[in-house]
Amino acid sequence: SYGVGNTARALVDAPTLESIDVVDISRDALEMSRLLYPDAARWPLADPRVRVHVEDGRHFLQTTRERFDLITGEPPPPKLAGVASLYSREHFELVRDRLAEGGIATWWLPVHGLLEHDTKAILRAFCLAFDDCSLWRGAGLDWMLVGTRGATGPGTRERFERQWRDPATGAELALLGVE
């Protein structure tokens, strides 16, 4: 889910990324994000590395044989009609299967709209799909699940610190209070 484009904007700010696939079921949602980015040069979908796919994300993953280094998922909360399957073990396994070796998947977990047993069920489904899984606390009760497909680590200290030296990423991290 593209949402309003915040994640896509962060990705296009990363100069090392070669290509970015954005998948959303709503062409209108994609176009409405222009309102948040009135400067056409800042609109994430205008970046030449971005390929836009107007279709269901699950269907996209089922029909592509491409492998990805990073898959982010920010679907609507699972309580909305038709969305619960995007938080299932089967879907998380599909996401894992579309990752390249060493790839990383992140998935939004809106705990603020879930009952405790629903949250635990989603956590279990994710960790059954990903041997290497972790839960990250975000802002308030917006959490993030992270899973990898055979990633090795840790990365080097220099690579980690490079994020703060990058003008776009460093400014965003400072804005978020991550120093």
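Which side chain meets that of Arg 89 in a salt bridge? In this predicted model, where local features need pLDDT of at least 70 and side-chain atom pairs count only at pLDDT 80 or more, totals for chains, interfaces and linings use all residues. Residues are numbered from 1 along each chain as its sequence is written, and side-chain values rest on heavy atoms, with hydrogens and water left out.

The partner is Glu 93, with N and O 2.9 Å apart. A salt bridge here is a side-chain nitrogen of Lys or Arg within 4 Å of a carboxyl oxygen of Asp or Glu. Glu 93 and Arg 89 sit 4 residues apart in helix 4, about one turn of the helix. Helices (H or I, at least four residues) and strands (E, at least two) are DSSP runs, numbered from the N terminus. Glu 93 has 22% relative accessibility and so counts as partly exposed, and Arg 89, at 37%, is partly exposed too. On this scale buried means under 20% relative accessible area, exposed means over 50%, and partly exposed is in between (1.4 Å probe, protein chains only).

The whole structure holds 14 salt bridges. One of them pairs the side chains of Arg 49 and Asp 47 at 2.9 Å, N to O. Arg 49 is buried, with a relative accessible area of 17%, and Asp 47 is buried at 17%. Over in helix 6, Glu 158 bridges to Arg 162, with the closest N and O atoms 3.2 Å apart. Glu 158 and Arg 162 are 4 residues apart in that helix, so about one helical turn separates them. Glu 158 is partly exposed at 41%, as is Arg 162 at 40%. Elsewhere, Arg 9, Asp 13 and Arg 42 are joined into one network by salt bridges that share partners.

Now for helix packing. The axes of helix 6 (residues 157-165) and helix 7 (residues 167-176) come within 5 Å and cross at roughly 80°. That makes helix 6 roughly perpendicular to helix 7. Axes are lines fitted to C-alpha atoms, for helices over the stretch in contact, and angles run from 0 to 180 degrees between N-to-C directions; under 35 degrees is roughly parallel, over 145 roughly antiparallel, 65 to 115 roughly perpendicular, and the rest oblique. From helix 6, Gln 163, Trp 164 and Arg 165 meet Pro 167, Thr 169, Gly 170 and Leu 173 of helix 7, where contact means heavy atoms within 4.5 Å.

Turning to the interior, the largest nonpolar core has 24 residues, and those with the most contacts inside it are Tyr 87, Phe 92, Val 95, Trp 107, Ile 122 and Phe 130. Such a core is a set of buried Ala, Val, Leu, Ile, Met, Phe, Trp, Tyr and Cys residues joined through side-chain atoms within 4.5 Å. Two or more residues each come from helix 3 (57-63), strand 3 (68-73), helix 4 (89-97), strand 4 (99-110) and helix 5 (116-129). Strand 4 gives the most, with 5 residues. Not counting residues up to four places away in sequence, Phe 92 touches Leu 86, Tyr 87, Trp 107, Ile 122, Ala 125, Phe 126, Ala 129 and Phe 130. A second, separate core of 10 residues includes Ala 8, Val 12, Tyr 37 and Trp 43.

Finally, Val 4 lies in the segment before helix 1 (6-12) and counts as partly exposed at 40% relative accessibility. Leaving aside neighbours within four places in sequence, Val 4 is in contact with Ser 33, Leu 36 and Tyr 37.
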